[in-house]
Amino acid sequence: MSTIETTRTGLFLDEYGHFINGEWVASQGGRTIALSNPATGRALAKIQAGNARDVQAAVAAAKAAFPAWSRSRIEERQEILLEIARRLKARSAEFARMESANNGKTVTEATIHDLPEAIGQFEYFSGAVYSLHGETRDYPDLIGLTHREPIGVVAQIIPWNVPLLMASMKLAPALAAGCTVVLKPAETVCLTVLELIREIGDLLPPGVVNLVTGYGQDVGEALVAHPDVRKVAFTGSTATARKIIEYAARNTIPQTMELGGKSANIICASADLDEAARTAALSTVFNKGEVCMAGSRVFVERSVHDAFLEKFVREVDSVQVGDPSHAETRLGAMSSRAQYEKVQGYFDIARGEGAEIATGGTAATVADFPDGLFLKPTILSGVRNDMRVAQEEIFGPVTSVIAWDDESEMLRQVNDSRYGLAGAVWSNDLKQAHRIARDMQTGVIWVNTYYNLPRGMPVGGYKQSGFGRELSWDILRDYTITKSVIIPL
Ligand code: NAI
Ligand code: MG
């Protein structure tokens, strides 16, 4: 494998290698992928288009590093996790600009959300690591011990919507647990992930973290079906998850899957409509709606429907779309042309299904950004839950509004979804709020708020939204395995 040396022009290097066994190397296939800024269309950097041979090398490095790393002292791993957090903090502003440049999100959002949350993952798991230990059980005539051991080499495959945070959510618990890693970020947006690994590479023994870039279809199967890989963690689409589960089945390895969503944001007549409307607008535009937990189905009680819709439209219409680096901008560019076109396809589907476009419904033109992938934030009203716009994940700044009369019929519709990742209920009636939360088939429910995740709360799906609970202690169970030792007295 040949090592790569490149120069930095502006924010990024001209070309990034794979990171395998502590070195930056070119793909053995000799192909690269050019990444661009979705707001300006300008080229940013090239990454390696990896192949199965690159994967073999990365898994071999992770396997070789595992025995020593899995036996490293907790104090050592804790200090490394804390040092990663410190280094990210020291370069936060630069990382926020990089995330914006590659993904299209606003610098403001990257600064107040992506960076602190990513840093928080390393901080959280640096503490949680001390709670990973075996147990003893007492029997009259014997002692039972369980050791909790790191599971081995893990494959981690992540998407492009919040890449630095995704990498942190995956790496922090795996490293805390003592696993070694082969990480594959998305081929469209991954430059902050490459920069993270550049920043922290010297802290880790060679082979503990390896990174292979490229298209999923070129590297996914070789990675997940590799007999030396002991677990796979994936975040992305349900369609790709099914393929990964098939590769994992051939390898008989456990999976954690964080997949799509079509979350219900339920507004009852007693709710604070101003706050509910403000928050529904936030959920529509936050990260351009490219968020698995977006509250993309708003169920409003009919008696307050018109009043709510008017406020919601006003909030969404006040959102400034445009230059992601401008402090006033709240909606940047879609991450990729594929995503930009997919969402516009749903504008047509909505019209065809008889939904009303209460606002938005087209691309947005932004002065000085003629090649930018901008969309107007969009509210669809008069939606029925059986329409495609209410059933399929759009993953854009689009929210469907559905009116309801009867609570139990509304809940039937809320749960009539293949997904179940998040959701909210707005009510000033305590019993009603608890009643509805109990009945929602979904992994995270907010009461009178949205997008409020205190550190350590488990996040994960019901149904086709996946399985496994990340961002919390629970995920450490998935990166470890127990061994029972029985000692007769
Ligand atoms: P995707 O699920 O195909 O991509 C996510 C990751 O999986 C990327 O790193 C990709 O390279 C990798 N991948 C693709 N095919 C693979 C394979 N055969 N083996 C292994 N890895 C593979 O998502 P995509 O196509 O970029 O987006 C399509 C839709 O998926 C979005 O519009 C959105 O609805 C949903 N999605 C949901 C996400 C979430 O956070 N739950 C994140 C990204 C996408
Ligand atoms: Mg795909």
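Student: How much space lies in the largest cavity?

Tutor: Rolling a probe the size of a water molecule over the atoms shows where empty space is left. A cavity is a set of points on a 1 Å grid over the protein atoms alone where a 1.4 Å probe fits but cannot get out. Grid points are joined across faces, edges and corners, and a volume is the space filled by probe spheres set on the points. Here the largest cavity holds about 100 Å³. This is a predicted model: local features need pLDDT of at least 70, side-chain atom pairs count only at pLDDT 80 or more, and totals for chains, interfaces and linings use all residues. Residues are numbered from 1 along each chain as written, chains are lettered from A and ligands numbered from 1 in written order, and side-chain values use heavy atoms, without hydrogens or water.

Student: Which residues lie nearest the centre of the largest cavity?

Tutor: Lining residues have an atom within 4 Å of a point. The largest cavity has 16 of them, with Gly 289, Ala 294, Ser 296, Phe 395 and Gly 396 nearest its centre. H9 and strand S18 (398–404) each give two or more residues to this lining. Helices (H or I, at least four residues) and strands (E, at least two) are DSSP runs, numbered from the N terminus.

Student: How do the residues of that lining divide by class?

Tutor: Ala, Val, Leu, Ile, Met, Phe, Trp, Tyr, Cys and Pro count as nonpolar, Asp, Glu, Lys and Arg as charged, and the others, Gly among them, as polar. The largest cavity has 6 nonpolar, 8 polar and 2 charged residues in its lining.

Student: How many cavities of 30 Å³ or more are there?

Tutor: The count is 3. The second largest has about 70 Å³ of space.

Student: What is a pocket, and how much space lies in the largest one?

Tutor: A pocket is an open set of points with protein on both sides within 12 Å along at least five of seven lines. The largest encloses about 950 Å³. Its lining numbers 37 residues, and Trp 160, Phe 234, Gly 236, Ser 237 and Thr 240 are the closest to its centre. H8 gives the most, 6 residues. By class, the lining has 16 nonpolar, 13 polar and 8 charged residues.

Student: Where does the largest pocket lie?

Tutor: Domain bounds come from an automatic or database domain assignment. Domain 1 (8–259 + 467–487) and domain 2 (264–454) both contribute to the lining, so the largest pocket lies between them.

Student: Where does the second largest pocket lie?

Tutor: Both domains line this one too, so it lies between them. The second largest pocket has about 700 Å³ of space. Of its 34 lining residues, His 113, Glu 117, Leu 165, Phe 286 and Tyr 451 lie nearest its centre. H4 supplies the largest share, 6 residues.

Student: Which residues are closest to ligand 1?

Tutor: A residue is near a molecule if one of its heavy atoms lies within 4 Å of it. For ligand 1 there are 27 such residues, the closest being Trp 160, Glu 187, Ser 237, Lys 342 and Glu 393.

Student: What polar contacts does ligand 1 have with Lys 342 and Ser 237?

Tutor: A polar contact to a ligand is a pair of N or O atoms within 3.5 Å. A side-chain N or O atom of Lys 342 is 2.6 Å from an oxygen atom of ligand 1. A backbone N or O atom of Ser 237 lies 2.7 Å from a ligand oxygen. Tyr 247 places a polar side-chain atom 3.1 Å from a nitrogen atom of ligand 1. Taken alone, ligand 1 exposes 800 Å², and the protein buries 87% of that (Shrake-Rupley method, 1.4 Å probe).

Definitions and conventions
Polar contact = N/O pair within 3.5 Å; in protein donor to acceptor, adjacent residues only side chain to side chain.
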